[in-house]
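Trainee: I should like to examine the ligand site and the backbone of this model with you. May we begin once the structure is on display?

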Amino acid sequence: MEDKRDHNTSPSSLPSLSKQLASSTLGGSADVPVLDLSVSDEDFLVREVTKASEEWGVFQVVNHGIPTELMQQLRMAGKQFFELPEAEKETVAKEEDFEGFKRNYLGGINNWDEHLFHRLSPPSILNYKYWPKNPPQYREVTEEYTKHMKRLTEKILGWLSEGLGLPRETFTQSIGGETAEYVLRINFYPPTQNTDLTIGAAAHTDMGAIALLIPNEVPGLQAFKDEQWLDLNYVNSAVVVIIGDQLMRMTNGRFKNVLHRAKTDHERLRISWPVFVAPRADMSVGPLPELTGDDNPPKFETLIYNDYIDQKIKGWALEDLPVY
Ligand code: OGA
Ligand code: NI
């Protein structure tokens, strides 16, 4: 059984592998929008964030209020953990659920990474046994970062709600408000020689509502748009915002759940820190009644989020994916 939420390939939106490979060398220039959140005209931000979610499903934000120093501390703590001896990393190894440390070299289809997964929020469902004890500042730094992730997520969800003419709290409430689940994944991609066949993270869409990701300074994240893989530029201190399946479904397809993947670098170590924000597992999620009607009937079934995850994982199992 694959990990739950292992964020691999989405069968529903995977372009054929030959197309992926054919276009993989194009690496078009990155026009992924970069939005400056310090502008005082909030209506402008609402419009820009909404437009980027409709056209791209991915954008970067700068001047987002997360202290650069905290971002650096988070990066440092994660890197220090992955540099520990194997035996020490195994102390937080994945067990039956998805949380924990896992090596994934050429496991699955062609993923090449090690990763650490653990929940960040709500406090009632945290499993601190999966939080590294080493480096010692890991917990404090990560808890501080979580506060900022929640604040920024709710701000963006507020703008996205308003952009569609809905009350500001709509999307936050639709994923459970304070009970929405925040999960951190640290992806650790060592350098590889053959980057065309050895993908760090295979093409996929994120299952949750939205993800906020910071990378280290090594580029590798690509978004699929207009039949091409486009590189995301590394923008110092930016946070990458990725629209996931549930915001696409809630908006009846108006927001794009962007297909994306991560390439490894030939020489340099790449690390990324996505925080996935998802509805509580028992919540029903589907097109919002306010966004559907006779002239725009629901295109997606309303599903308990946990059932959605099971269906998606079953879909992967049924796919006849090539193994290199
Ligand atoms: C993910 C993901 C991209 C990256 O973990 O879901 O899309 O840049 N990662 O590592
Ligand atoms: Ni992803």
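Mentor: Let us first fix a term: a polar contact is a pair of N or O atoms within 3.5 Å. Please also bear in mind that this is a predicted model.

Trainee: Which residue has a polar side-chain atom 2.6 Å from an oxygen atom of ligand 1?

Mentor: Several side chains offer N or O atoms to ligand 1. That of asparagine 187 places a polar atom 3.1 Å from a ligand oxygen, and for tyrosine 189 the separation is 2.7 Å. The distance you quote, 2.6 Å to an oxygen atom of ligand 1, belongs to a polar side-chain atom of serine 272.

Trainee: How much of the area that ligand 1 exposes when taken alone does the protein bury?

Mentor: The reference value is the area of ligand 1 taken alone, which is 290 Å². Of that area, the protein buries 99%.

Trainee: Which element gives the largest share of the shell around ligand 1?

Mentor: The shell has 14 residues, and Tyr189, His204, His260, Arg270 and Ser272 come nearest. By class, they divide into six nonpolar, five polar and three charged. Two or more residues each come from β5 (181–189), β11 (260–263) and β12 (270–278). The largest share, four residues, comes from β12.

Trainee: What is the volume of the largest cavity?

Mentor: The structure holds four cavities of 30 Å³ or more. Ligand 1 takes up the space of the largest cavity. The volume of that cavity is about 170 Å³.

Trainee: How many charged residues are in the lining of the largest cavity?

Mentor: The lining comprises 17 residues, with Asn187, Tyr189, His204, Leu213 and His260 nearest the centre of the cavity. Elements giving two or more residues to this lining are β5, β6 (199–204), β11 and β12. Among the lining residues, eight are nonpolar and five are polar, while the number that are charged is four.

Trainee: Turning to the backbone, where is the cis peptide bond with omega near 5°?

Mentor: Most peptide bonds are trans. One cis bond joins serine 121 and proline 122, with omega about 0°, and proline 122 lies in the loop between β4 (114–121) and α5 (138–163). Proline 135 is likewise found in the loop between β4 and α5. The cis bond with omega near 5° runs from asparagine 134 to proline 135.

Trainee: Which residue has a positive phi although it is not a glycine?

Mentor: Most residues other than glycine have a negative phi. In the loop between β2 (58–62) and α3 (68–82), a phi of about 55° is found at asparagine 63.

Note on methods: Residues are numbered from 1 along each chain as its sequence is written. Chains are lettered from A and ligands numbered from 1 in the order in which they are written. This is a predicted model: local features need pLDDT of at least 70, side-chain atom pairs count only at pLDDT 80 or more; totals for chains, interfaces and linings use all residues. Side-chain values use heavy atoms; hydrogens and water are left out. A residue is near a molecule or strand if one of its heavy atoms lies within 4 Å of it. A polar contact is a pair of N or O atoms within 3.5 Å; within protein, one must be able to donate a hydrogen and the other to accept it, and residues adjacent in sequence count only if both atoms are side-chain atoms. Accessible areas come from the Shrake-Rupley method with a 1.4 Å probe; for residues, only the protein chains shown count as cover. On a 1 Å grid over the protein atoms alone, a cavity is a set of points where a 1.4 Å probe fits but cannot get out, and a pocket is an open set with protein on both sides within 12 Å along at least five of seven lines; lining residues have an atom within 4 Å of a point. A molecule sits in a cavity or pocket if more than half of its atoms lie within 2 Å of its grid points. Ala, Val, Leu, Ile, Met, Phe, Trp, Tyr, Cys and Pro count as nonpolar, Asp, Glu, Lys and Arg as charged, and the others, Gly among them, as polar. Grid points are joined across faces, edges and corners, and a volume is the space filled by probe spheres set on the points.
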